[in-house]
Amino acid sequence: MGRLFSLIIIAGLAYGGLYVYYGVAVKQEVEQALADRGLTALEVERIDYAPLAPLSTRATVSADVTYRGAEATVELRLTGHPLFSDELRMELDGLQALRLRIGSGD
């Protein structure tokens, strides 16, 4: 019983590391795609994805981007895996939300 518990703990830690690293890799890919299109002024604030996205080669990812006083949430479809495949294709699926801040209060 102790070995099974240890195996579960090790598998959980390994998956947790993969999950976090997947988010970092996807964020870098989104930033690189924006830079390739000349949109370096946009900042990627947060990346959201499903809990099982790191185990799949097709995933839907939400990215929160900001530009000055505007914030937007865009949905992206990823084909490929940012860690395990040589080619990753990113397609814009849609704009989920657009928020504008008016005023100088930060």
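Q: Across which strands does helix 1 lie, and at about what angle does helix 1 run to strand 1?
A: In this predicted model, helix 1 covers residues 2-36. Helix 1 lies across strand 1, strand 2, strand 3 and strand 4, and its direction relative to strand 1 is about 135°.

Q: Which strands are the edge strands of the sheet?
A: The sheet is open and is formed by 4 strands in the order 1-2-3-4, with antiparallel pairing. An edge strand pairs on one side only, and this holds for strand 1 and strand 4 (89-100).

Q: Which residue in strand 2 stands opposite Glu43?
A: Strand 1, which spans 43-49, runs antiparallel to strand 2 and is joined to strand 2 by 6 bridges. The residue of strand 2 that stands opposite Glu43 is Thr66.

Q: Which helix and strands each supply at least two residues of the largest nonpolar core?
A: The largest nonpolar core has 16 residues, and those touching the most other members are Tyr22, Val26, Val30, Val44, Ile47, Tyr49 and Val61. At least two residues of this core come from each of helix 1, strand 1, strand 2 and strand 3.

Q: Is Ser62 buried or exposed?
A: Ser62 has its place in strand 2, and, leaving aside neighbours within four places in sequence, its contacts include Arg46, Thr73 and Gln96. The relative accessible area of Ser62 is 15%. Because buried means under 20% relative accessible area, Ser62 counts as buried.

Terms used: Residues are numbered from 1 along each chain as its sequence is written. This is a predicted model: local features need pLDDT of at least 70, side-chain atom pairs count only at pLDDT 80 or more; totals for chains, interfaces and linings use all residues. Side-chain values use heavy atoms; hydrogens and water are left out. A nonpolar core is a set of buried Ala, Val, Leu, Ile, Met, Phe, Trp, Tyr and Cys residues joined through side-chain atoms within 4.5 Å. Buried means under 20% relative accessible area, exposed over 50%, partly exposed in between (1.4 Å probe, protein chains only). Contact means heavy atoms within 4.5 Å. Two strands pair if DSSP finds at least two bridges between them. Axes are lines fitted to C-alpha atoms, for helices over the stretch in contact, and angles run from 0 to 180 degrees between N-to-C directions.
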